[in-house]
Amino acid sequence: MLNIGSYQFQSRLFLGTGKYPDFDTQKKAVDVSDTEVLTFSVRRMNIFDPEQPNFLEKLDLEKYKFLPNTAGAKNADEAVRTARLADASGLCDMIKVEVIGCDKTLLPDPVETLKATEILLEEGFTVLPYTSDDVVLARKLEELGAHAIMPGASPIGSGQGIINPLNLQFIIEQSNVPVIVDAGIGSPKDASHAMELGADGVLLNTAVSGANDPVKMAEAMKLAIESGRLGYEAGRIAKKSYAVASSPKEGISSGS
């Protein structure tokens, strides 16, 4: 089981809800993924107006926990206000803190992320901050009391996969809270790689919603994450410089 704060999950796939071609495709992708956590941008969704169409209409709300995010926030104050709005909707007290510091790269602002995380923790939120693959920043967020760390594999929506596996490995090794790899995943190979490194889960959106067949890709990501986790738990063999025979030598005749 994946434990985050007071929550427990069997699935290690967190799925975003944006950019699908239509709500029916989105629902099918969500269903086949077996995810238990859905994330969405509070700013892009009118969660208080029942007259406005939204993805919640198609889903069995009892099946999922929601992870609203503060996408669009440029500083800690904006992120905190957005989190409070999400909390007022009554959907969930979990919040993904996302404070963007660069409009071109969409990389997070480390200083404002720390500020927002500290404030929201004091207010009793279950806080999952989105951060870069900065090893020291990840440690400082955990020291503040963050319930999980969400380092990006590469820039949001880029599909570049894991561009710095060494830093991700360092973050995973030092963390005593779950590490959810977030942003930049492009294929099932990337998701499996993250899990083989020892990540506790993967959050993705564009890799599924932007695929030619989002439903098939959602299933592929589910299987990749399961496979990567099993591979991590099983323990891969060590890499060697030279070939090693896979068949035993005992009992083989010398031929003389």
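Author: Welcome! Let's start with a rule: two rings of Phe, Tyr or Trp pair if their centres lie within 6.5 Å, and planes under 30 degrees apart make the pair stacked, while planes over 60 make it edge-to-face. This is a predicted model, and the rule gives a count of 3 aromatic pairs in it.

Reader: What makes the pair of tyrosine 7 and phenylalanine 9 stacked?

Author: The centres of these two rings are 6.3 Å apart and the planes meet at 15°. The cut-offs are 6.5 Å for the centres and 30 degrees for stacking, so tyrosine 7 and phenylalanine 9 are a stacked pair.

Reader: And what is the pair of phenylalanine 9 and phenylalanine 14 called, stacked or edge-to-face?

Author: That pair is edge-to-face, with 6.0 Å from centre to centre and 75° between the planes. An angle over 60 degrees is what the term asks for. Tyr7, Phe9 and Phe14 together form one aromatic cluster.

Reader: How do you know whether tyrosine 7 is buried or exposed?

Author: Buried means under 20% relative accessible area. Tyrosine 7 has 14%, so it counts as buried. By the same test phenylalanine 9 is buried at 2%, and phenylalanine 14 is buried at 1%.

Reader: Phenylalanine 14 is in strand S3, I see. What makes both faces of S3 count as covered?

Author: Look at the residues on each side: Leu13 and Leu15 are on one, Phe14 and Gly16 are on the other, and all are buried.

Reader: Which strands does S3 pair with, and how do you know?

Author: Two strands pair if there are at least two bridges between them. S3 (residues 13-16) has 3 bridges to S4, in the parallel sense, and another 3 to S10 (residues 201-204), also parallel. Leucine 15 shows both contacts: its bridge partner in S10 is leucine 204, and its partner in S4 is leucine 38. Between S3 and S4 the chain passes through helix H1 (residues 23-33), and this β-α-β crossover is right-handed. Glycine 16 also faces S4, standing opposite threonine 39.

Reader: Why is strand S4 called mostly covered?

Author: S4 spans residues 37-41, and 5 of its 5 residues are buried. In a regular strand the side chains alternate between the two faces of the sheet. Here Val37, Thr39 and Ser41 point one way, Leu38 and Phe40 point the other way, and all are buried. S4 has another parallel partner in S5 (residues 65-69), joined to it by 5 bridges. Threonine 39 stands opposite leucine 67 in that strand.

Reader: What makes the phi of aspartate 34 worth pointing out?

Author: Most residues other than glycine have a negative phi. Aspartate 34 is not a glycine, yet its phi is positive, about 60°. This residue sits in the loop between H1 and S4. Its relative accessible area is 45%, so aspartate 34 is called partly exposed; that term covers values from 20% to 50%.

Reader: What is the phi of alanine 183, and is that residue buried or exposed?

Author: Alanine 183 has a phi near 85°, again a positive value in a residue other than glycine. It is found in the loop between strand S9 (180-182) and helix H6 (188-196). Its relative accessible area of 8% makes alanine 183 buried. Glycine 186 lies in that loop between S9 and H6 as well, but is partly exposed at 27%.

Reader: How do you know that the buried residues of H3 line one face?

Author: H3 (residues 110-122) has 13 residues and reaches 19 Å from first to last C-alpha, close to the expected 18 Å. Its buried residues are Glu112, Thr113, Ala116, Thr117, Leu120 and Leu121. Seen down the axis, they fall within an arc of 160°, so they line one face of the helix.

Reader: One more! What makes lysine 96 count as lying over the face of tyrosine 130?

Author: The distance from the ring centre is 5.3 Å, and the distance cut-off is 6 Å, with a second limit of 35 degrees from the ring normal. Lysine 96 therefore counts as sitting over the ring of tyrosine 130.

Key: Residues are numbered from 1 along each chain as its sequence is written. This is a predicted model: local features need pLDDT of at least 70, side-chain atom pairs count only at pLDDT 80 or more; totals for chains, interfaces and linings use all residues. Side-chain values use heavy atoms; hydrogens and water are left out. Buried means under 20% relative accessible area, exposed over 50%, partly exposed in between (1.4 Å probe, protein chains only). Helices (H or I, at least four residues) and strands (E, at least two) are DSSP runs, numbered from the N terminus. A crossover is right-handed if, with the strands pointing away from the viewer, the path from the first strand over the helix to the second runs clockwise. The expected span of a helix is 1.5 Å times one less than its number of residues. The arc is that of the directions from the helix axis to the C-beta atoms.
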